[in-house]
Structures are given as structure tokens and as C-alpha cells.
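Morning, everyone. I have one structure to go through today, so please have a look at the screen and I will start with the overall layout.

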Amino acid sequence: MANLKKIRTRINSIKSTQKITRAMKMVASAKVKKFENRVKASRPFTFELEKMFYRLLHSVTEIEANETTFKEPLNNYPVLLSEREIKSVGILVMTSNKGLSGAFNANVVRYTTKVVQEYKESGIDVQLFIIGQKGYNVLKRVEKELGFKIAHTYMTFPEQPTSSHARFVASDMASSFVNGDIDSMEIITTRFRNMMSYSVEKWDILPLDEVEFDFAEEEMSDMEIEPSQSDVLAEIVPLFISSIIFQAMLESVASELASRMTAMSAACNNADEMIQQLTIDYNKARQAMITQELTEIVGGSIAINK
């Protein structure tokens with residue numbers, strides 16, 4: 001009887017857990033489609049903006065440092081676009097505030113520690129800008145061991161990022177770049193592939209790389225820049241940096257939701273299998289108990305009749 005009660009309690013416990021995982025799967029399924037549309041809609045804009053930015057740089061004259069006072073470091077294009085020896089790298093790491101999303105956060109953290117170790121072996125310092133509680137919790141524990149510095153953390157962003165959030169992060173990274181704390185700006189994020197897969201990637205922001213674009217002949221002609229080269233660059237550089245960070249945020253959230261949907265789906269399937277097996281065990285135990293009781297009754301009856 002005690003064994004039957006134990007099995008029945010376990011079945012009820014698994015069913016209760018399954019209700020939670022099924023609800024989380026349904027929520028993630030509803031949200032991931034929305035973010036998939038946002039990611040696919042924003043990719044062409046980000047690509048065309050990057051293409052226009054590089055075309056603009058092809059048309060401007062030599063960029064020289066000047067004494068202009070900029071509203072904020074993010075507008076200080078002469079410093080942001082300058083070439084310098086890379087002694088310290090600033091990396092923006094995209095993780096989530098919530099768990100139960102499979103290996104999503106673990107994959108990002110594992111890739112980050114690998115990149116940090118490679119930089120440290122090359123004698124380059126690393127400063128991390130971390131989005132998400134889950135990534136911070138793990139990376140904080142290995143900060144001294146791996147020898148990097150956590151410069152900024154962002155754990156209060158809502159699940160649906162906006163361009164304002166991207167601008168806020170970009171401003172912090174630009175400030176560190178202009179002040180000389182970092183000499184390079186990079187992002188470690190996940191690129192959303194489809195509902196079932198994503199890949200962890202490192203994106204370079206600054207310094208600018210030689211990017212190959214398939215420019216048409218008419219696109220390679222010099223652009224007319226108004227009102228002035230300085231005014232345009234002071235606005236387009238912040239937009240360029242913020243746009244890449246915003247795209248990385250969207251890709252990360254979509255990947256997280258897809259990973260959570262897959263994980264919760266697997267949890268529901270596993271719960272079904274466990275309930276099925278425990279039900280079989282329960283029926284076997286119950287049949288064995290009934291058989292034993294019948295045997296005892298028959299044996300007692302035979303003993304009395306003798």
C-alpha cells in the first residue's frame with residue numbers, strides 16, 4: 001500500500017510540473033513567432049544601413065580629430081573611427097534574465113570564456129558589458145580566475161528590447177572607447193536561424209573592418225553630404241553602432257524563446273513518458289497486491305475448512 005501511495009504521489013507531482021512546462025511552451029511558441037517576424041524585418045534595414053555607412057566613409061575626406069565639443073561620446077566620430085593599437089577589448093555579451101531555456105545561456109557563456117581566454121593568451125585585456133542575469137551570475141564567479149573585468153551590467157531591460165535600450169548600451173561602450181578604456185567593440189550574441197536552431201557568434205563593431213559590399217558602379221560615385229561632413233558623421237556613427245546592438249538584441253531574444261520552446265516541448269514529452277511508465281508500475285503493483293490478498297484469503301479459507 002505504501003508503494004502504491006508513493007507511485008501515485010509521484011505521478012501527480014509530474015502532472016503538476018507538466019502543466020507548468022506546457023504553459024511555458026505555449027507562451028514561448030506565441031512569442032517566438034512575433035520575434036521571428038521582428039528579426040526578419042529588421043535584418044534588411046541593418047544591412048542597408050551598414051552598406052550606406054561604408055559607402056559614406058568611401059566618399060568622405062580624411063577624418064581628423066578636431067576640437068569640436070560633442071554632446072556625448074557616442075557622437076565623437078573622430079575618436080570612434082580612429083585606428084589604434086588594440087590593448088583592451090570591450091565585449092557585449094547577450095544572455096537572458098530567465099532560465100528554463102535549454103542550453104541557451106550555457107552556450108553563450110561557454111563561447112565567451114573561450115574568446116576571453118584567447119585574448120588573454122594574446123596579451124589583450126577584456127572588459128565585459130553583460131546583458132542578462134544568467135550570464136552575469138556565471139561570469140562573475142570566473143571573473144578573477146579568467147582575468148577579465150565586468151565593466152557594465154544590464155539586468156532590468158524588458159523582454160522586448162527597443163532602440164532606446166540599444167542606444168543606452170552603445171553610449172556606455174562608446175564612453176569606454178573614447179576614454180581609452182577599450183580599443184575595440186565587439187558583441188557575442190546568438191543568430192536566430194529557425195524555430196529549432198541558432199548559432200553563437202561574435203560580431204565586430206569597432207574598429208571598422210574592410211567589408212566587401214557588392215556596390216553598383218553608380219553607388220561608388222561620391223555622395224553629396226549636407227549640411228556638412230561633420231554633422232552627418234556625428235549622427236550616422238551613433239545610428240550605425242546602436243543599430244548593430246539592437247539587431248543583436250532581437251536575435252538573442254528570438255533565439256532564447258526558440259530554445260525555451262524546444263526545451264519545454266522536450267520536458268512535456270519526457271513527462272508523458274514518465275507518467276506512462278509510472279502508470280504501468282502502479283498497475284503492476286496494484287495487481288500484485290490484489291493477487292497477494294486473494295492468495296491470503298484462499299489460504300485462510302482452506303486452513304479453516306481443515
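From the N terminus on, the elements of the protein chain follow the order α-α-β-α-β-α-α-β-α-β-β-α. That comes to seven helices and five strands. Please keep in mind that this is a predicted model.

How does the radius of gyration compare with the globule rule? The value for the protein chain is 29 Å, whereas the rule gives 19 Å for 306 residues, so the chain is more spread out than a compact globule. Along the principal axes, the C-alpha trace spans about 115 × 45 × 30 Å. Of the 306 residues, 41% count as buried. The accessible surface is about 17,100 Å², and carbon and sulfur atoms account for 52% of that. As for contacts between residues at least 6 apart in sequence, 78% of them join residues at least 24 apart.

Now the sheet. The five strands form an open sheet with mixed pairing, and the order across it is S3-S2-S1-S4-S5. Which strands stand at the edges? They are S3, residues 149-154, and S5, residues 197-206; each has a single partner strand, so one side of each is left without a neighbour in the sheet. From one strand to the next, the twist averages 25°.

Let me go through part of the sheet strand by strand. S1 covers residues 88-94, and seven bridges join S1 to S2, the two running parallel. S2 covers residues 125-131 and is joined to S3 by five bridges, again in parallel. Some individual pairs can be picked out on the screen. Ile 91 has Leu 128 in S2 as its bridge partner. Leu 128 in turn has a bridge partner in S3, namely Ile 150. Ile 131 is paired with Tyr 154 of S3. A general reminder while we are here: in a regular strand the side chains alternate between the two faces of the sheet.

Is S2 largely enclosed or left open? Six of its seven residues are buried, so S2 is largely enclosed by the rest of the structure.

Next, the helices that go with the sheet. Together with S1 and S2, helix H3 makes a right-handed β-α-β unit. H3 is residues 104-121, and it lies across S1, S2, S4 and S5, at about 40° to S5. Helix H7, residues 229-305, also lies across S1, S2, S4 and S5, and its angle to S4 is about 40°.

One residue in H7 is worth pointing at, and that is Ser 243. Its relative accessible area is 8%; the cut-off for buried is under 20%, so Ser 243 counts as buried. Not counting residues up to four places away in sequence, Ser 243 touches Phe 45, Thr 46 and Leu 49.

Then Gln 133, which sits in helix H4, residues 133-141. With 28% relative accessibility, Gln 133 counts as partly exposed. What does Gln 133 contact, leaving aside neighbours within four places in sequence? The residues are Ser 96, Asn 97 and Met 155. Gln 133 and Tyr 154 are 21 residues apart in sequence, and their C-alpha atoms are 8.0 Å apart in space. You have already met Tyr 154 as the bridge partner of Ile 131.

Two backbone details to finish. The first topic is a loop residue, Leu 100, between S1 and H3. Leu 100 is not a glycine, yet its phi is positive, about 55°. Leu 100 is also exposed, with a relative accessible area of 54%.

The other detail is a peptide bond. The bond joining Leu 206 and Pro 207 is cis, with omega about -5°. Pro 207 is placed in the loop between S5 and H7.

To recap: an open, five-stranded sheet of mixed pairing, with H3 and H7 lying across S1, S2, S4 and S5, in a chain that is more spread out than a compact globule. That is what I have for today.

How values were computed
Residues numbered from 1 in each chain as written. Predicted model: local features only at pLDDT ≥ 70, side-chain atom pairs only at ≥ 80, totals over all residues. Heavy atoms only, no water. Pairing = 2+ DSSP bridges. Helix = DSSP H or I, 4+ residues; strand = E, 2+ residues; numbered from the N terminus. Axes fitted to C-alpha atoms, helices over the stretch in contact; angles between N-to-C directions. Contact = heavy atoms within 4.5 Å. Buried < 20%, exposed > 50% of the residue type's maximum accessible area, 1.4 Å probe, protein only. Right-handed = clockwise from strand over helix to strand, strands pointing away. Rg over C-alpha atoms; globule rule 2.2 N^0.38 Å. Areas by Shrake-Rupley, 256 points an atom, 1.4 Å probe, with all protein chains shown as cover.
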